[in-house]
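Trainee: Please take one part of this model and go through it closely, with its surroundings. I would like a single connected account.

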Amino acid sequence: MAHFKPPNVAFTQMAGTGVFAELVGGDGEFKYYSDGEWKKSCSGKSVPIINPTTRETQFKVQACTQEEVNKVIDAAKTAQKSWAKTPLWKRAELLHKAAAILKEHRNPIAECLVKEIAKPAKDAVTEVVRSGDLVSYCAEEGVRILGEGKFLVSDSFPGNERTKYCLTSKIPLGVILAIPPFNYPVNLAVSKIGPALIAGNSLVLKPPTQGAVAALHMMHCFHLAGFPKGLISCVTGKGSEIGDFLTMHPGINCISFTGGDTGIAISKKAGMIPLQMELGGKDACIILEDADLDLAAANIVKGGFSYSGQRCTAVKVVLVMDSVADALVEKVKAKVAKLTVGPPEDDCDITPVVTESSANFIEGLVMDAKQKGATFCQEYKRAGNLIWPLLLDNVRPDMRIAWEEPFGPVLPVIRINSVEEGIHHCNASNFGLQGCVFTRDINKAILISDAMETGTVQINSAPARGPDHFPFQGLKDSGIGSQGITNSINMMTKIKTTVINLPTPSYTMG
């Protein structure tokens, strides 16, 4: 059985101190960021952030009003106009500066992640460093992509002489609204901020409640880099008060959202603006008879249980050929037994899930599977928001866990008798983010990859979003559009065309 370890890690530089001291008011509440300044909301209200480990209030953030949102968007519109005229190399220079500051202050930001979302300490530091790297890459890539356009001539189309020269370039959309999820509140914020800024847009960030303080610290790194006032801002508050108000605001020109079902609601209300959405998955892992079972087991445990399964690209269902199922399950069980369970400060593999309601939802899926006869490979164990890792064997399609996304450390195994059966289960899901297949036969791997209705298929590895410059997209209810640095820059721009009309075809001279 996985074992529990008590916490012992302390961070050296604390959140909300040193260069981050101005983020905190005298009452200990974190301010919001607007027009280049840290401000208290005139609502006089705050939103508590509950530490998933202690289940007590850890931080408080401002409950911004609709009027404050209006001011933020007005400032963003004004700042964007001059930012779009800022030389591309200058935009890139500021992004590189922000990336360096972000990496320099990784510890206090990581501390927020540990306390707000119970991310293991080491993973929290990695997230911040990776985010700095992403911002730098954005600056480099943006200079290349945006620095070149296209030149077309009219006589390539039938019936035309060479009387028109067409020049195309990429111009910014305007004000981008970025809404990242709780599980990567820094990395998935900068994956939207970096492309938006290099492309000449301004940006309004609405962070998730759990993860808001880490996002505010990250925003301060951009502030310290010296971006123009009003260009980037961060509003916190209740979704019920400012959520719809933001997403339906006429001043917003594009929405980049990562999260769950809320994204579907946003897409129905948003109006005629570009949307970039990633809304979760039920990533299937198909194991063939000729697979390297040790490799598969290691990836299943890493893919299914890292950050307690709270990742959109986590392995969410294992579809294994019956002939090798017993051997695979034994290997996975042996690895699950070695996972450490406990507080994130101590870098445990399995930490508390983000909220009590998440834990209750996961428990509901587990109880449904129990009632319908799934085989429990470990004893189901829960303490508060902490759920011990659980492998469920002999799961059948009539169980909720076969289709629903638990977002927790519970992994179902479905035994299949043919590859077609595995592909059918994968494709019958309303999700289509990623999938993976384990086999030594490259021909089978490619055939299965083509047949799987998912945005990405990994061959002989667990699903993963990164590296951050790879395209990342979902089919069906898993999203709209594609992410990845290049795709995001392209998505946050529009094509502008200038046509030069000549009095006579250009090849008549000379």
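Mentor: What follows deals with one sheet, the helices beside it, the loops next to its strands, and an annotated residue.

The model is predicted, and local features need pLDDT of at least 70, side-chain atom pairs count only at pLDDT 80 or more, and totals for chains, interfaces and linings use all residues. Residues are numbered from 1 along each chain as its sequence is written, and side-chain values use heavy atoms, with hydrogens and water left out.

The sheet is open and has 7 strands, in the order β16-β19-β20-β14-β13-β22-β23, with mixed pairing. Its edges are β16 (375-376) and β23 (456-459), and each has a single partner strand, so one side of each lacks a neighbour in the sheet. Helices (H or I, at least four residues) and strands (E, at least two) are DSSP runs numbered from the N terminus, and two strands pair if DSSP finds at least two bridges between them. At the β23 edge, β22 (residues 434-438) runs parallel to β23, with 4 bridges between them. One bridge there joins Cys436 to Gln458 of β23. Helix α10 (residues 322-336) packs on the sheet, where it touches β13 (284-287), β14 (317-321), β19 (390-393) and β20 (410-416), and its direction makes about 135° with that of β14. Contact here means heavy atoms within 4.5 Å; axes are lines fitted to C-alpha atoms, for helices over the stretch in contact, and angles run from 0 to 180 degrees between N-to-C directions.

Helix α12 (residues 419-428) also meets this sheet. Its buried residues (under 20% relative accessible area, with exposed over 50%, partly exposed in between, 1.4 Å probe, protein chains only) are Gly422, Ile423, His425, Cys426 and Asn427. Among the elements covering them are the sheet strands β13, β14 and β20, together with β21 (431-432), α13 (442-451) and β25 (475-476). In α13 lies Ile442, which is exposed at 53% relative accessible area. Its C-alpha atom is 8.8 Å from that of Ile459, 17 residues away along the chain.

The loops beside the strands hold some backbone details. Most residues other than glycine have a negative phi, and most peptide bonds are trans. Between α9 (293-305) and β14, the loop contains Ser308, whose phi is positive, near 55°; Ser308 is buried, with 0% relative accessible area. The loop between β23 and β24 (472-473) contains Asn460, also with a positive phi, near 60°. Asn460 is partly exposed at 29%. Pro467 belongs to the loop between β23 and β24, and the peptide bond from Gly466 to Pro467 is cis, with omega near -10°.

Finally, the unreviewed UniProt entry annotates Glu278 as "active site". UniProt positions are given in the numbering used here, feature names are shortened, and annotations may be inferred rather than shown by experiment. Glu278 sits in strand β12 (residues 275-278) and is buried, with 2% relative accessible area. Leaving aside residues up to four places away in sequence, Glu278 touches Phe257, Thr258, Gly259, Cys312, Leu433, Phe472, Ser478, Gly479 and Gln483. The same kind of record lists residues 38-497 as "domain: Aldehyde dehydrogenase", again from an unreviewed entry. That span is 41% helix and 22% strand, and its end C-alpha atoms lie 40 Å apart.
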